[in-house]
Amino acid sequence: MAGEALVVIDLQNDFCPGGALAVAGGDEIVPLVNDLIRGSEHVIMTQDWHPAGHSSFASSHPGRESYQSLAMPYGEQTLWPDHCIQGSRGADFHTGLAWTRAELVIRKGFRPAIDSYSAFFENDHTTPTGLAGYLRERGIGSITLVGLATDFCVAYSALDAVKLGFSVTVRLDACRGIDLGGSLDSMTARMREAGVTLR
Ligand code: VGL
Ligand code: ZN
């Protein structure tokens, strides 16, 4: 039987209340995620990991503000407050997260000129992170996604995973969203239409 993995997306301090890009209720999912970790054969985590001055930060574009969209060479990019700076406390996993069983941590968003929402591809949708190769080489065909944020990094990871041929479940009860201009509804619909199992 093909292996299964739990993929925990960006459960980091900056995405939890008190953090630089706090997702409402982001910390509430930690106990449930920990239960899922205990019950999973393989555990993989992603860590948003930006250099200071990253191009996805509004502060890198004078005159622009957070949550506005900006045309980048690779497409439209939402601008964010500075967050998940490499090595900062904000970039650490949430203190309560049972991260020690993670067999792989994929860091993403480390190239200054490009953001990376998905665990599989950067926002140009072509530069791979290596996660698909890891899963295939390990014989893992099914993944369950949990974490932050539902409508950004979780959703783009789920959509890419389906495209790559993986069987994908998103546990919505173990995710929380940002909901920018209706993005929670629209990305949930896109996941459903793509064949992601939503639970
Ligand atoms: C995320 C915005 C910027 C996420 C990461 O984890 O969903 N969102 N960087
Ligand atoms: Zn980010």
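Student: Asn-123 sits in the loop between β5 and α2 (131-137). Why is Asn-123 called buried?

Tutor: This is a predicted model, where local features need pLDDT of at least 70, side-chain atom pairs count only at 80 or more, and totals for chains, interfaces and linings use all residues. Residues are numbered from 1 along each chain as its sequence is written, chains are lettered from A and ligands numbered from 1 in written order, and side-chain values use heavy atoms, leaving out hydrogens and water. Now, Asn-123: its relative accessible area is 11%, and buried means under 20%, exposed over 50%, partly exposed in between, with a 1.4 Å probe and protein chains only. So 11% earns the label buried.

Student: Asn-123 and Gln-77 are said to share a polar contact. What makes this pair count as one?

Tutor: The two side chains come to 3.2 Å, and the cut-off is a pair of N or O atoms within 3.5 Å (inside protein, one able to donate a hydrogen and the other to accept it; sequence neighbours count only if both atoms are side-chain atoms). At 3.2 Å the Asn-123 and Gln-77 pair therefore passes.

Student: His-125 is in the loop between β5 and α2 too. Is His-125 buried, partly exposed or exposed?

Tutor: Partly exposed, because 47% relative accessible area falls in the middle class. His-125 also has a positive phi of about 65 degrees despite not being a glycine.

Student: Cys-84 also has a positive phi without being a glycine. What is the phi value, and how do you know that Cys-84 is buried?

Tutor: Phi is about 45 degrees for Cys-84, which lies in the loop between β4 and β5. Its relative accessibility is 0%, so buried it is.

Student: On to the metal. Which residues are the protein donors of the zinc ion (ligand 2), and what makes them donors?

Tutor: Asp-48 (OD), His-50 (NE2) and His-83 (NE2), at 2.0 to 2.2 Å from the zinc ion. Donors are N, O and S atoms within 2.8 Å of the metal (3.2 Å for Na, K and Ca), so these three qualify; water isn't among the atoms, so a site may look incomplete. The sequence spacing is D-x1-H-x32-H.

Student: What does the pair of histidines do for the layout of the chain?

Tutor: His-50 is in the loop between β2 (42-48) and β3 (69-72), and His-83 in the loop between β4 (75-78) and β5 (104-108), so the pair ties together parts 33 residues apart in sequence. His-50 and His-83 are both buried.

Student: Why is the zinc site called irregular?

Tutor: The angles among its 4 donor atoms run from 89 to 168 degrees. Tetrahedral wants all angles between 85 and 135 degrees, so 168 rules that out. Square planar (four donors) or octahedral (six) wants opposite donors over 155 degrees apart and all others between 65 and 115; anything else is irregular, and irregular is the class of this site.

Student: How much of ligand 1 is covered, and what does the ligand touch?

Tutor: His-83 puts a polar side-chain atom 3.1 Å from a nitrogen atom of ligand 1. Polar backbone atoms of Leu-148 and Cys-153 lie 3.3 Å and 3.1 Å from an oxygen atom of the ligand. Alone, ligand 1 exposes 260 Å² (Shrake-Rupley, 1.4 Å probe), and the protein buries 100% of that. One more detail: Leu-148 and Ala-149 are joined by a cis peptide bond, omega about -10 degrees, with Ala-149 in the loop between β6 (140-148) and α3.

Student: How do you know that the length of helix α3 (residues 150-163) agrees with expectation?

Tutor: The expected span is 1.5 Å times one less than the number of residues. For its 14 residues that should be 20 Å, and the end C-alpha atoms are 18 Å apart, which agrees.

Student: What makes α3 mostly covered?

Tutor: Of its 14 residues, 11 are buried. Among them is Ser-157, at 0% relative accessible area, whose side chain reaches the backbone nitrogen of Ala-119 at 2.9 Å. Lys-163, also in α3, is exposed, since its 67% clears the upper cut-off. Its C-alpha is 8.4 Å from that of Ala-194, 31 residues away in sequence.

Notes
Helix = DSSP H or I, 4+ residues; strand = E, 2+ residues; numbered from the N terminus.
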